[in-house]
Amino acid sequence: GLDRFKAREKLWADLEETGLAVKKEPHTLRVPRSQRGGEVIEPLVSKHWFVHMEPLAEKALLAVEEKNLPLYLRDLRYTITG
């Protein structure tokens, strides 16, 4: 429940205390700010999802090699193959 700035300070202090801090050096960063109020805009952490592509790629390559690429034309209501 800490403010983000205080949380960063505490995190760094904890890293130094446990000997996990490697180095501290000045760094210039363009920080995005809100046009209306000038507040710092923090990145929003979101859940990402990933797709295991290998099975999909295998099927796609096989279809190309066998020249089996059906073309579905919704408006004409038929399928052209081969």
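These legends describe close-up views of a predicted model.

**View 1. The whole protein holds 2 helices and 2 strands.** Along the sequence, the elements follow the pattern α-α-β-β. The chain has 82 residues, and buried residues make up 2% of them. The protein exposes about 8800 Å². Carbon and sulfur atoms supply 58% of that exposed area.

**View 2. Helix 1 covers residues 4-18.** This helix has 15 residues. At 1.5 Å a residue, helix 1 should span 21 Å, and its end C-alpha atoms are 21 Å apart, so the expected span and the model agree.

**View 3. Asp3 sits at the start of helix 1.** A side-chain oxygen of Asp3 reaches toward the backbone of Phe5. That oxygen comes to within 3.1 Å of the Phe5 backbone nitrogen. Phe5 also belongs to the lining of the largest pocket.

**View 4. Gly19 follows helix 1.** The phi angle of Gly19 is positive. Its value is near 80°.

**View 5. The largest pocket contains about 200 Å³ of space.** Phe5 and Arg8 contribute to its lining. Leu29, Val31, Pro32 and Arg33 are also among the lining residues. Val40, Ile41 and Glu42 line the pocket too.

**View 6. The lining of the largest pocket, sorted by class.** Nonpolar residues number 6 in this lining. Charged residues number 3, and there are no polar ones. Arg8, Arg33 and Glu42 are among the residues to look for here.

Notes:
Residues numbered from 1 in each chain as written. Predicted model: local features only at pLDDT ≥ 70, side-chain atom pairs only at ≥ 80, totals over all residues. Heavy atoms only, no water. Helix = DSSP H or I, 4+ residues; strand = E, 2+ residues; numbered from the N terminus. Buried < 20%, exposed > 50% of the residue type's maximum accessible area, 1.4 Å probe, protein only. Areas by Shrake-Rupley, 256 points an atom, 1.4 Å probe, with all protein chains shown as cover. 1 Å grid on protein atoms, 1.4 Å probe; cavity = no way out; pocket = protein on both sides within 12 Å on 5 of 7 lines; lining within 4 Å. Points joined across faces, edges and corners; volume = space filled by probe spheres on them. Nonpolar A, V, L, I, M, F, W, Y, C, P; charged D, E, K, R; others polar. Expected span 1.5 Å × (residues − 1). Polar contact = N/O pair within 3.5 Å; in protein donor to acceptor, adjacent residues only side chain to side chain.
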